[in-house]
Amino acid sequence: MKLLILGANSDVAHAISKKFAKEKKCDLYLASRDMALLEKKTRDIKARYDVDATAVSFDAVDYSSHKDFYERLDPKPDGVILAFGYLGDQIKAQEKFSEAKTVIESNYMGAVSILEIIAGDFEKRGSGFIIGISSVAGDRGRQSNYIYGSAKGAVSLYLGGLRNRLSKKNIHVMTVLPGFMRTKMTQNLELPEKLMAEPDEAAEDIYRAYKKKRNIIYTKWFWKYIMLIIRNIPEPIFKRMSM
Amino acid sequence: MEITGWGNYPVIQADGFSFETTDQLNHFLKKTDTCIAYGMGRSYGDSALNHRVVFSRRLDKILDFDSKQGVVTCESGVTLADIINTYLPGGWFLTVTPGTKFITAGGAVASDVHGKNHHKAGCFCESVICFDIMLPDGSIVACNRENNPDLFRATCGGMGLTGIILTVTLKLQPVKSSNIRETIMRCQNLDVVFDLFERYESTTYSVAWIDCQAKGENIGRSVLMVGEHADSGNLAPPAVKPSISIPFNFPGFCLNRYSISVFNHLYFRKNPGYESGRIVSLDTFFYPLDAIDMWNRIYGKNGFTQYQLVLPKAASLKGLRAILEKIASAGMGSFLAVLKLFGRENDNYLSFPMEGYTLALDFKMQPGLFPFLDILDAIVLDHGGRLYLTKDVRMKRDVFINGYPRWKEFERLRTQEHMKDKFNSLQSIRLEI
Ligand SMILES: Cc1cc2nc3c(=O)[nH]c(=O)nc-3n(C[C@H](O)[C@H](O)[C@H](O)COP(=O)(O)OP(=O)(O)OC[C@H]3O[C@@H](n4cnc5c(N)ncnc54)[C@H](O)[C@@H]3O)c2cc1C
Ligand SMILES: NC(=O)c1ccc[n+]([C@@H]2O[C@H](COP(=O)([O-])OP(=O)(O)OC[C@H]3O[C@@H](n4cnc5c(N)ncnc54)[C@H](OP(=O)(O)O)[C@@H]3O)[C@@H](O)[C@H]2O)c1
């Protein structure tokens, strides 16, 4: 099996790469922007699991390169994990559209651009699976991160539609909704310790859900209930809260 | 942020810097004045503490593995637990392991840690083939016994004071099983346990638990445990999660009750005082304390310190008897201590082990403790011994200087390479090294 990891420099992506390499003994394409870092992660996978791993340069917002990027992969992957993302700065994004644009493009537009190419190929081949990482931030708009949240919300809707389309071709699409994870994305934020997941824990959850062919999963599990409550607070009340 | 070592004393405010690439570290070192590396914080005292610390835990990648030779190259923040989990299923285990696997490769080099096989295999750095280190000016130097031998000898056991270790290349040992064949012996006193240590010198692993409250004829009452790797059995990696966790700071008196009962169980169960060939897992044999997550909290919020000394072999019997007498009558120490016979010392400037007996025991922080430990220090020095830097939080400069005769070579290198301007811990400041 050959797996393509998009945004492979993400801390969670690396934990997922390791989990799949260990359990499925699959070879990997690690795709991301920072090639020096990617080389190191490639070596890590190879030294640990006796599988093959190749670093490939990939920029999610360089849409015009995506077709070429995918065409050059030989052999084609049997599955893809989409992990790139950019949290950005909410206040900055409110004040400067360029920041908002980067957030929207790096989370949403990049995903659409590359996944449409891959979905087309999987559909033609009649096989493959897609695991997309969105976020609980996309479940409801909140003042503290609604620009990122809206981009992730769009990713969730997009993955839902893709699942609907590809299920007819036996291609599984799974949506992952993480809560807080201890990665470089959150290292400077003060988040409630009890709600944090280690990247390895998230990777375990994702791998288990992949085996069970789940459609939508929260990680850690309790986010399902936290978000259930948050989604059900009536808007007249919700809008007056500061979240 | 607040940081502390394993002894939970002292707790200080610090700025922490985390990094993933050498460029990021280089950039940081250029604009920072003084800092010290921090791995898993399993050193007990203040050797990894300063107001600016460099966290190595994001350097957690393994870079190469030669499955024929068992040689692994990893970044310095990789833990020993990670190495075991990754390579034990293929039949490879650490050549030297301390009593916890939750330490980093960088921390293992910086303390030149020892294990139960010191008398056969030496210190951790004996299994280190080479390492890369970043010096104060941001340059990266590859170090082994031939290239930059002085820097090699200073860094192995150098408590992070020579630079930030980036990668470590390590020789693992082949094993046929993830089990240990263990023999346990009851020893009535110090003479008996010394005699048995020497009789079992050819056995790979040996360590004793010693009852520090025993007095008079019974001084040195202990249980000696020796072991060899089993020759068959599975190679399954150990379970991932510690089974029990101490969720908050415990009132201090609990630990003694716990350890007393464990010891008594072992000591009095043995009849006629000998049990041979029982099979135990690597975890049970090497890392009994790792089964209790955050056990250090058991000493309460004021924290504790571990006092580890070594005495030259010839002076060990007399010296240890004097020290154990003092400890028993002061009634401040933990009930149990660990005793071990070391093999020959290596030529790293500040490595702790020397040929002779080492004793390690915990002291809960309490009034009068430091003056009492000063008294023990004097006995240690009188017998030509020294204290382990990675456990220390309070020794005075003269105790260090007298215990580590090669400190001058260490100091010279540190001055020459401008390491004193960049890498300092609260410990190095206290000891003025
Ligand atoms: C339960 C328990 C049992 C133990 N048993 C033993 C034993 O049997 N034998 C033994 O020898 N020790 C033992 N120790 C001590 C422990 O092995 C050492 O203190 C070890 O150095 C801790 O490693 P660390 O990664 O936690 O480093 P830290 O505690 O974070 O740091 C220790 C020292 O290493 C330096 N350091 C860490 N990383 C780097 C780096 N990348 N570059 C340069 N310097 C660095 C620090 O500056 C500091 O001086 C034990 C500790 C515990 C808690
Ligand atoms: N951490 C959390 O609490 C959390 C919570 C919910 C959801 N998420 C989502 O989970 C995913 C993984 O997050 P993480 O925390 O592991 O993040 P991370 O460690 O910060 O990694 C994100 C990675 O995305 C890559 N990336 C960003 N923009 C890119 C682009 N234009 N092209 C290619 N790669 C790009 C970066 O790769 P390079 O280094 O190569 O530039 C970066 O390493 C993200 O989608 C994130 O939004 C995270």
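**Exercise 1. Where in chain A does Lys213(A) lie?** Place the residue, then state its backbone angle and its burial.

*Solution.* The model is a predicted one, and the placement is read from it as follows. Lys213(A) belongs to the loop between helix H7 (199-211) and E7 of chain A. Its phi is near 50 degrees, a positive value in a residue other than glycine. That value deserves a remark, because most residues other than glycine have a negative phi. As to burial, Lys213(A) has a relative accessible area of 54% and is therefore exposed, the cut-off for that class being over 50%.

**Exercise 2. Which residue of chain B, although not a glycine, has a positive phi of about 60 degrees?** Find the loop that holds this residue.

*Solution.* The residue is His418(B), whose phi is about 60 degrees. His418(B) sits in the loop between helix H12 (407-416) and helix H13 (426-431) of chain B.

**Exercise 3. Describe the cis peptide bonds Thr219(A)-Lys220(A) and Tyr9(B)-Pro10(B), and place the second residue of each pair.**

*Solution.* Begin with chain A, where the bond joining Thr219(A) and Lys220(A) is cis, with omega about -5 degrees. Lys220(A) falls in the loop between strand E7 (216-219) and helix H8 (223-232) of chain A. Turn next to chain B, where the bond from Tyr9(B) to Pro10(B) is cis and omega is near -10 degrees. Pro10(B) is part of the loop between strand E1 (2-4) and strand E2 (11-13) of chain B. The assignments are worth noting because most peptide bonds are trans.

**Exercise 4. How many residues of chain A are in contact with chain B, and which elements of chain A contribute two or more residues to that side?** Characterise the interface from its extent to its chemistry.

*Solution.* First, the extent: 11 residues of chain A are in contact with 15 residues of chain B, and the area buried between the two chains is about 1,200 Å², of which carbon and sulfur atoms give 45%. Second, the polar pairing: there are 11 residue pairs in polar contact across the interface, counting pairs with both residues at pLDDT 80 or more. The elements of chain A that give two or more residues to the side touching chain B are helix H1 (11-24) and helix H2 (35-49), and H2(A) gives the most, with 7 residues. By class, that side of chain A has 2 nonpolar, 2 polar and 7 charged residues. Third, the salt bridges: the count between chain A and chain B is 5, and one of them links the side chains of Arg58(B) and Asp11(A) at 2.8 Å, N to O.

**Exercise 5. Is Lys41(A) buried or exposed?** Give its element and its contacts as well.

*Solution.* Lys41(A) lies in helix H2 of chain A. Its relative accessible area is 1%, so Lys41(A) is buried, the cut-off being under 20%. Apart from its neighbours within four places in sequence, Lys41(A) is in contact with Ala8(A), Asn9(A), Asp11(A), His14(A) and Leu30(A) in its own chain, and with Glu20(B) and Lys61(B) in chain B.

**Exercise 6. Which residues come nearest to ligand 1, and which are the closest to ligand 2?** For each ligand, add the polar distances.

*Solution.* Of the 33 residues around ligand 1, those that come nearest are Ala37(B), Gly39(B), Ser43(B), Thr104(B) and Tyr388(B). The side chain of Ser43(B) has an N or O atom 2.7 Å from an oxygen atom of ligand 1. Backbone polar atoms also take part, with Gly99(B) at 3.0 Å from a ligand 1 oxygen and Met159(B) at 2.9 Å from a ligand 1 oxygen.

Ligand 2 is surrounded by 27 residues, the closest being Ser10(A), Ser32(A), Tyr148(A), Gly179(A) and Thr183(A). A polar side-chain atom of Tyr148(A) is 2.6 Å from an oxygen atom of ligand 2; for an N or O atom in the side chain of Asn9(A) the distance to a ligand 2 oxygen is 2.9 Å. For Arg33(A), a backbone N or O atom lies 2.9 Å from an oxygen atom of ligand 2.

**Exercise 7. Which loop of chain B holds Ser111(B)?** Determine its burial and contacts.

*Solution.* Ser111(B) is in the loop between helix H3 (105-110) and helix H4 (118-121) of chain B. With a relative accessible area of 9%, Ser111(B) is buried. Leaving aside neighbours within four places in sequence, Ser111(B) is in contact with Gly157(B), Met159(B), Tyr388(B) and Thr390(B).

How values were computed:
Residues numbered from 1 in each chain as written. Chains lettered and ligands numbered in written order. Predicted model: local features only at pLDDT ≥ 70, side-chain atom pairs only at ≥ 80, totals over all residues. Heavy atoms only, no water. Contact = heavy atoms within 4.5 Å. Buried area = accessible area lost by both parts, 1.4 Å probe. Salt bridge = Lys/Arg side-chain N within 4 Å of Asp/Glu carboxyl O. Polar contact = N/O pair within 3.5 Å; in protein donor to acceptor, adjacent residues only side chain to side chain. Helix = DSSP H or I, 4+ residues; strand = E, 2+ residues; numbered from the N terminus. Nonpolar A, V, L, I, M, F, W, Y, C, P; charged D, E, K, R; others polar. Buried < 20%, exposed > 50% of the residue type's maximum accessible area, 1.4 Å probe, protein only. Near = heavy atom within 4 Å.
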